[in-house]
Amino acid sequence: MSFVVSIEKELVNLEFVKKVRYLLDQFSNKELQKNLIMQGGVVVKLEGNSIYHNRDLFSTCMKNLQAMTQMMGNRQYKLKKKIVNILIDESFEEELNRSLDLLKSVCNIAEKCEKLKFTIADIVKDWLILASTENVHYNLFQLRIDAILTPIALVANILHPTYQGRRFANDHDRMKKVMECLINELDEEGMNDFAKYKNSTGIFSSRRLRDYSDGHTFWQAVAPVHPKLSSFAIKILQLPAAVPKLKFYSNNVNDLTPKRFEKLTDLFYHLNM
């Protein structure tokens, strides 16, 4: 089971998924499909190869909901009582909207993980935003998010000049993980350099440096003054958003459990040291 699919199962009521599928299935024949499109709807596809199946299913339903309701009101077609009850139930649309919003957030992050231009530092920002969202439904997988935000991932975010770990600066537990990781990886000189970076003192107080949004460029500029910390930061910031496909693994991070993802992330980092 992929990581995204497992989160989908935690976020979405499976009985509601069945209800959405049942509704769309009733409008999937050619004649009703034609009329759905005439009413402003879209083609109904119940099966797909996307790992984001529930999101796509809900999106299709939302795009067709108004058209299906209009067809029901026109009474041109005889619909089953169960279908009518679904369409006149105001809570159905509310649940559909809620579920779609939840899945979009998670799936958007997963899709970013598949793109080479996004690094772990970038994705940590997105997970932190999701973790801080005041939505009771996100609480269902807070432990998942905590497992994804490994010490190395948090360090990558804090060493990125754009993020600098601001989103978790007041989170004692996450900052503790960061400091423990840094203490294990850096010597006394490196830790002193990190303190200057965090406090924006010395070369880090330069206004020109503040204009650098690219982590690699930023730390290359700092390297002559702080070579050890710069070397460490550059290697950390090279970590991809998804662990690359190693020759003995066929799947990427989206097919890994959080625990295995953490192990492979650490492995990838240490292999590049």
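How are helices H2 and H6 oriented to each other, roughly parallel or roughly perpendicular? The close-up views below take up this question and several others, using a predicted model.

**View 1. Helices H2 and H6 cross at roughly 110 degrees.** Start with H2, which covers residues 14-26, and H6, which covers residues 90-113. Their axes come within 12 Å. Angles from 65 to 115 degrees count as roughly perpendicular, and H2 and H6 are therefore roughly perpendicular to each other. The crossing of H2 past H6 is left-handed. To find where the two helices meet, look for Phe16, Lys19, Val20 and Leu23 in H2, which face Phe92, Glu95, Leu96 and Ser99 in H6 with contacts between them.

**View 2. Helix H2 also crosses helix H5.** H5 is made of residues 81-88, and its axis comes within 10 Å of the axis of H2. Here the crossing angle is roughly 115 degrees, and this crossing is left-handed. On the H2 side the contact is made by Lys19, Tyr22, Leu23 and Gln26, while H5 supplies Lys82, Ile83, Ile86 and Leu87. Lys19 and Leu23 may already be familiar, since they are among the H2 residues that meet H6.

**View 3. Phe27 belongs to the largest nonpolar core.** This core has 75 residues, and Phe27, Leu159 and Trp219 touch the most other members. At least three residues come from each of domain 1 (1-114) and domain 2 (130-272). In soluble globular proteins, nonpolar side chains tend to be buried together. Leaving aside residues up to four places away in sequence, the contacts of Phe27 are Leu32, Gln33, Leu36, Val44, Met68, Met71, Leu79, Ile83 and Leu87.

**View 4. Asn64 is a buried residue of helix H4.** H4 spans residues 53-74. Is Asn64 buried or exposed? Its relative accessibility is 0%, so Asn64 counts as buried. Beyond residues up to four places away in sequence, Asn64 touches Leu36, Gly41, Val42 and Val44. Leu36 and Val44 are also among the contacts of Phe27.

**View 5. Leu102 and Val12 are 90 residues apart along the chain.** Leu102 sits in helix H6, and with 1% relative accessibility it counts as buried. In space, the C-alpha atoms of Leu102 and Val12 are separated by 8.5 Å.

**View 6. Asn192 and His226 are 34 residues apart in sequence.** Asn192 is part of helix H11, residues 188-199. Its relative accessible area is 41%, so Asn192 is partly exposed. From C-alpha to C-alpha, Asn192 and His226 are 9.8 Å apart.

**View 7. Two loop residues, Gln164 and Ser200, have positive phi values.** Where is Gln164 placed? Look in the loop between helix H9 (151-158) and helix H10 (172-185). Gln164 has a phi near 50 degrees, a positive value in a residue other than glycine. Ser200 lies in the loop between H11 and helix H12 (207-210). Although Ser200 is not a glycine, its phi is positive at about 55 degrees. With a relative accessibility of 35%, Ser200 counts as partly exposed.

**View 8. The whole chain has 15 helices and 0 strands.** Step back to see where the close-ups belong. Of the 273 residues in the chain, 45% are buried. Among contacts with a separation of 6 or more, 67% join residues 24 or more positions apart.

Notes. Residues numbered from 1 in each chain as written. Predicted model: local features only at pLDDT ≥ 70, side-chain atom pairs only at ≥ 80, totals over all residues. Heavy atoms only, no water. Core = buried A, V, L, I, M, F, W, Y, C linked by side-chain atoms within 4.5 Å. Buried < 20%, exposed > 50% of the residue type's maximum accessible area, 1.4 Å probe, protein only. Domains from an automatic or database assignment. Contact = heavy atoms within 4.5 Å. Axes fitted to C-alpha atoms, helices over the stretch in contact; angles between N-to-C directions. Helix = DSSP H or I, 4+ residues; strand = E, 2+ residues; numbered from the N terminus. Parallel < 35°, antiparallel > 145°, perpendicular 65-115°, else oblique. Left-handed = near helix turned anticlockwise from the far one by under 90°.
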